[in-house]
Structure formats: structure tokens, C-alpha cells
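Here are a few worked exercises to try with the model open in your viewer. Have a go at each task before you read its solution.

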Amino acid sequence: MSLQDAQPVRWVKGRFSQAPFEPTRPVWPAGVRLPVLVVLFVLVTGFAAGMRAVAGDNPVLSVTAGAATVVLSLTVYAAAVRFLEQRPVRELDPAQARSGLRTGVLIGLGAFVVTLAAIALCGGYGTKGGVSVGGAVTVLGMMAGIAVVEELLFRGVVFRLVEDLLGTRGALAVSGLLFGSLHLVNSGATVWGALAIAVEAGLMLGAAYAATRALWLPIGLHFGWNFALSGIFGVTVSGNEDMPAGLLHGVLSGPEAITGGGFGPEASVFAILVCAVPTVVLLRTAERRGRLRTRRQARSAETPEPLI
């Protein structure tokens, strides 16, 4: 590798360094940083959506686009936080990535398997057609990019900075409602489905960040849940009817309260009940570790080391 080739690599690695550094500029208030980072990540989200559109149903292009989205969004977030907040990006400590992602993926996969099992026991889930490995790979690339971008935006930016203004409970409510509202733009969206997403996913993912003070666990949770939905069992994700087919082609039938109807299983009462379990566990963990903060505590506290 030449010196010119090595310089960009060192720059990227430096964004994730946990070593303290001397501030070079004043830190803007949270109320100013919040809109700046939201606008920045809206642009990143648009760019990622464009790459997904180009990739389409092609497995190789989808994985490539997903990997590019992950690298780009993580690097942009880390660089923006270091510049605007003049601190190491502790919530993306590379040393915590493997355990946080692994735990999150397993919880996300497990939670959805339990949800779908309950729906199937009520006669609400079946399959048709064969198995598509290429479809599963396509969804894997897509969901990796979506999980990272949305968690950086809603937990890394919105939750974290709203917490500085309103405390942890206020941040849970605001980030959850905004996260649910985002899904109203999907083709098969319903108000009930968006509210269900706000409660089951918005609260669970916010609780995962509050308990660990790292973004790896919520990213893993988000990815594991979404990949199980579409990549493995082939059902609609959050009312998005334009998703490519996954490993299986799932068919839902029966009362909407059980199956979620056109919005998909995330609008099922079973999804809300199942996701309530890890949400409560994570919130109790956060409380036990002193990580549920008032506004004053949130603004003054140093971010502790992640525990999971």
C-alpha cells in the first residue's frame, strides 16, 4: 500500500479512535447540533435509498450497496460527532462492536421468531412457492444499510440529543414517535402500524441504547428483526410492499389484529407483547446501572463504557 493509499485509511480509523483529544472549537448546544445532524443524516438516507434503487433485486449489487452504506454512514456520523462535539465517539467504540452486534442480532431474530410462531399457531402464517437464496442475500444487504442508517439517525442523533434537552424518558417518547412516523410514508402504511412500530421498536431500540450507551446493540436488534421478517420468512416489513422476496414467500391470513394485515406482523398485537419483554428488561438494566437520566444528568454526564 502506498503512502497516498494509507492516508484515507488512517483518517477513517482515526474517526473511531477512543483516545481523548484536545478540543479545538467550542461545542454548540444540543438544540443546535440536533437539526444540523438530522439534516446531514437525511441526506445520507437519501443517498442510501438511491443506491438501493440502483441495486434492485441483484444480490451482488445489494450487498455491495449495503456495505457501502454502512461504511459511509458510520464514517460520516463519527466525523460529524468528533467535529461538532469535540469528543471521541464512545457510542461507536470498535471494541464493543462484535459483542453488541451479535447480541442484538440474536435478540432480534429470536423476538421475531416468537412473534411469527404465535401468529402461525393462530393459523395466520403460511408459505407458497420455493426457496430463494438470492432473495435472502438481496435482503441481507438492504437491511444492513437500513439498520445502520436508521439507528445512527434515531438513536445516535435524535435520542441522544433530545435526551440532553428532555432527559431519558422524554427522549424515548420523542424518538419512538418520530421513528413510528417515518413508516407512514411506506406504501402499505397505516396509522395503527406506525403507532405499533413506535411502541414495540421505538421503545425497544431506545431502551437498548439507554442500557448500553452504545449503538451496536440497537443496530444488531434492528437488523436481526428486519432480516427475519423479510429475508427469512418473506413477510411485509413495516407496510413496505415493494421489498424484494426473501428466502421464503410468506402469506398472512386472518384477523388484522393477529397478522398485522397489509402493514405486516409488526402491526400484530403479538409483536407488541413480544417486544415489550426485552424493552422492560433493558429499561430495568438502564435504571439499575444509573443510566436513566434527568435533563441535568444527561447534559453533564460522561458517556460510560457499554456493558453489553
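## Exercise 1: Positive phi outside glycine

Arg-213 sits in the loop between helix H6 (191-212) and helix H7 (216-232). Keep in mind that this is a predicted model.

**Task.** What is the phi of Arg-213, and is the residue buried or exposed?

**Solution.** Start with the backbone: Arg-213 has a positive phi of about 55°, although it is not a glycine. Next, check the accessibility. The relative accessible area of Arg-213 is 1%, and the cut-off for buried is under 20%, so Arg-213 is buried.

Now try Gln-86, which belongs to the loop between helix H3 (59-85) and H4. Its phi is near 55°, again a positive value in a residue other than glycine. With a relative accessible area of 10%, Gln-86 is buried.

To finish, look just after H7, where Gly-234 takes a positive phi of about 65°. As for H7 itself, 16 of its 17 residues are buried, leaving the helix mostly covered.

## Exercise 2: Two helices crossing

**Task.** Describe how helix H4 (residues 97-121) and H9 cross. Which residues make the contact?

**Solution.** First, the geometry you need. Two packed helices are described by the angle between their axes and the distance between the axes. For H4 and H9, the axes come within 9 Å and cross at roughly 145°. The hand of this crossing is right-handed.

Second, list the partners. H4 brings Ile-107, Ala-111, Val-114, Thr-115, Ala-118 and Ile-119, while H9 supplies Phe-270, Ala-271, Val-274 and Pro-278.

Third, sort them by class. The contact of H4 with H9 has 9 nonpolar residues, 1 polar and no charged ones.

## Exercise 3: Two hydroxyl side chains

**Task.** Which backbone oxygen does the side chain of Ser-268 reach, and which one lies 2.8 Å from a polar atom of the side chain of Thr-279?

**Solution.** Take Ser-268 first. You'll find it in the loop between helix H8 (256-259) and H9. Its relative accessible area is 0%, so Ser-268 is buried. The side chain of Ser-268 reaches the backbone oxygen of Ile-258 at 2.6 Å. Not counting residues up to four places away in sequence, Ser-268 touches Ile-119, Ala-257, Ile-258, Thr-259 and Gly-260.

Then move to Thr-279, which lies in helix H9 (residues 269-288). Thr-279 is buried too, at a relative accessible area of 8%. The backbone oxygen of Cys-275 is the one 2.8 Å from a polar atom of the Thr-279 side chain. Leaving aside neighbours within four places in sequence, Thr-279 is in contact with Glu-200, Leu-203, Met-204 and Ala-207.

## Exercise 4: Aromatic pairs

**Task.** How many aromatic pairs are there? Why is the pair of Phe-154 and Phe-179 classed as it is?

**Solution.** Begin with the count: pairing rings whose centres lie within 6.5 Å gives 7 aromatic pairs.

Now for the classification. The rings of Phe-154 and Phe-179 have their centres 5.2 Å apart and their planes at 75°. Planes over 60 degrees apart count as edge-to-face, so this pair is edge-to-face. Phe-154 counts as buried at 6% relative accessibility, and Phe-179 counts as buried at 2%.

Repeat the step for Phe-159 and Tyr-209: at 5.5 Å centre to centre and 75° between the planes, they form an edge-to-face pair. Phe-159 lies in helix H5 (residues 133-182) and Tyr-209 in helix H6, so the pair ties together parts that are 50 residues apart in sequence. Phe-159 and Tyr-209 are both buried.

Last, pick out the cluster: ring pairs link Phe-112, Tyr-125, Trp-225 and Phe-233.

## Exercise 5: A buried leucine

**Task.** Is Leu-152 buried or exposed, and which residues is Leu-152 in contact with?

**Solution.** Locate Leu-152 in helix H5. Its relative accessible area is 0%, so Leu-152 is buried. For the contacts, leave aside neighbours within four places in sequence; what you get is Phe-41, Ser-73, Leu-74, Tyr-77, Leu-92, Val-157 and Leu-215.

As a final distance check, go from Leu-152 to Ala-228. The two are 76 residues apart in sequence and 21 Å apart in space, C-alpha to C-alpha.

Key
Residues are numbered from 1 along each chain as its sequence is written. This is a predicted model: local features need pLDDT of at least 70, side-chain atom pairs count only at pLDDT 80 or more; totals for chains, interfaces and linings use all residues. Side-chain values use heavy atoms; hydrogens and water are left out. Helices (H or I, at least four residues) and strands (E, at least two) are DSSP runs, numbered from the N terminus. Buried means under 20% relative accessible area, exposed over 50%, partly exposed in between (1.4 Å probe, protein chains only). A polar contact is a pair of N or O atoms within 3.5 Å; within protein, one must be able to donate a hydrogen and the other to accept it, and residues adjacent in sequence count only if both atoms are side-chain atoms. Contact means heavy atoms within 4.5 Å. Axes are lines fitted to C-alpha atoms, for helices over the stretch in contact, and angles run from 0 to 180 degrees between N-to-C directions. A crossing is left-handed if the near helix is turned anticlockwise from the far one by less than a right angle, and right-handed if clockwise. Ala, Val, Leu, Ile, Met, Phe, Trp, Tyr, Cys and Pro count as nonpolar, Asp, Glu, Lys and Arg as charged, and the others, Gly among them, as polar. Rings of Phe, Tyr and Trp (its six-membered ring) pair if their centres lie within 6.5 Å; planes under 30 degrees apart count as stacked, over 60 as edge-to-face and the rest as tilted.
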